[in-house]
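Colleague: I'm new to this one. Could you put it on screen and let me quiz you on the words you use for it?

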Amino acid sequence: MYLTYYNGQWTEGNTPLFGAMDHSVWLGSSVFDGARALQGHLPDLRPHLQRVIASSEQLGMTCPLSVDQMEALVREGVAKFPHDAELYIRPLVFASEGFLIPVPDKAAFALTLFDAPLPPFTGFSACLSNLQRPQPTMAPTDAKASALYANTSRALREAKARGYDNAILLDIEGKVAEFASSNLFLVTADGAVVTPALNGTFLAGITRARVIALLAGVGVTVDERSVTPEELESAREIFSTGNYGKVTPCVRYGGLGEPRALPAGPVARQARELYLAFTETT
């Protein structure tokens, strides 16, 4: 089920939004975010909505709704689904007017909610991609911009062709950035929990930050630092954090050497359990 709020009303199905001359269609000026409703709970909803506004500004648009207005619409929409539904919440801001530069106050807003069960803790496979994340001087990497996902899609297509579910991308300096569609954590050979330091080539994930804080709360320190692809070869665990799957283990990795199996390990499991317990408080 798809449910979309646009132009003051809720509609079901794939609601039409764009015109052929809209700036967002032919020049890519749109941003979105993803949040979750899990059996009525809305973990970190407001940070996601705040990021919609920040992303809009980075692309030269003014989000037409405030955080409070968006939150009220989200809650109204969630109430239209069964109480135990697991939903993806996707606010979208897109430019309608402008030639090369979008007209800031001519941006439109749409909010779509749809059924998206939380993936089980069975894991996924990933390979080291031949592609890279762009630098901040190359693309609007400080925004959750729709235009950035052409590179994500390309990396995922490459991974699928090689028999993997996801890809791990490096930055321009050859250091690990993130998975194609989520942030990356690893447990090193000596047991340290590490995630690549924020360097502007990938978004500071909201779930990433929440997991770091939750692990710190039980005495597990996450080291945010530069990570080399060689470290993935000897990692005890590799796992992802992101809005769609929250915490999900990588159970098969194809990198610099031969592909190898990985466990759905204790750190990833603890992070997942902590996150789901946190969700119950929201």
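Modeller: Here is a short round of questions and answers, and keep in mind that this is a predicted model.

Colleague: Okay, the whole chain to begin with. What makes the protein chain as compact as a globular protein of its length?

Modeller: In terms of secondary structure, the protein chain has seven helices and 15 strands. Its radius of gyration is 19 Å, and the globule rule gives 19 Å for 282 residues, so the chain counts as being as compact as a globular protein of that length. If you'd like dimensions, the C-alpha trace spans about 55 × 40 × 30 Å along its principal axes.

Colleague: And how much of the protein chain is buried?

Modeller: Buried residues account for 53% of the 282 residues. As for what faces outward, the accessible surface comes to about 12600 Å², and carbon and sulfur atoms own 55% of that.

Colleague: How do you know what share of the contacts join residues at least 24 apart?

Modeller: Take the contacts between residues at least 6 apart in sequence: 71% of them join residues at least 24 apart.

Colleague: Let's zoom in on strand 1. Why is strand 1 called largely enclosed?

Modeller: Strand 1 covers residues 2-6, and four of its five residues are buried, so the rest of the structure largely encloses it. A residue needs under 20% relative accessible area to be called buried.

Colleague: What makes strand 1 and strand 6 a pair?

Modeller: Two strands pair when there are at least two bridges between them. Strand 1 and strand 6 (residues 107-115) have five, and they run antiparallel. For a concrete spot, look at Leu-3, whose bridge partner in strand 6 is Leu-113.

Colleague: How many bridges does strand 1 make with strand 2?

Modeller: Four, again in the antiparallel sense, with strand 2 being residues 9-12. Tyr-5 stands opposite Trp-10 of strand 2. The hairpin formed by strand 1 and strand 2 has two residues between the strands, and Asn-7 takes a positive phi near 55° there.

Colleague: One last residue. Why is Ala-107 called buried?

Modeller: Its relative accessible area is 11%. The cut-off is under 20%, so Ala-107 is buried. You'll find Ala-107 in strand 6.

Colleague: Which residues does Ala-107 touch, leaving out those up to four places away in sequence?

Modeller: Met-61, Thr-62, Pro-64, Val-93, Phe-94 and Ala-95. You can also locate Ala-107 relative to Ser-30: they are 77 residues apart along the chain, with 8.9 Å between their C-alpha atoms.

Terms used:
Residues are numbered from 1 along each chain as its sequence is written. This is a predicted model: local features need pLDDT of at least 70, side-chain atom pairs count only at pLDDT 80 or more; totals for chains, interfaces and linings use all residues. Side-chain values use heavy atoms; hydrogens and water are left out. Buried means under 20% relative accessible area, exposed over 50%, partly exposed in between (1.4 Å probe, protein chains only). The radius of gyration is taken over C-alpha atoms; the globule rule is 2.2 Å times the number of residues to the power 0.38. Contact means heavy atoms within 4.5 Å. Accessible areas come from the Shrake-Rupley method with a 1.4 Å probe; for residues, only the protein chains shown count as cover.
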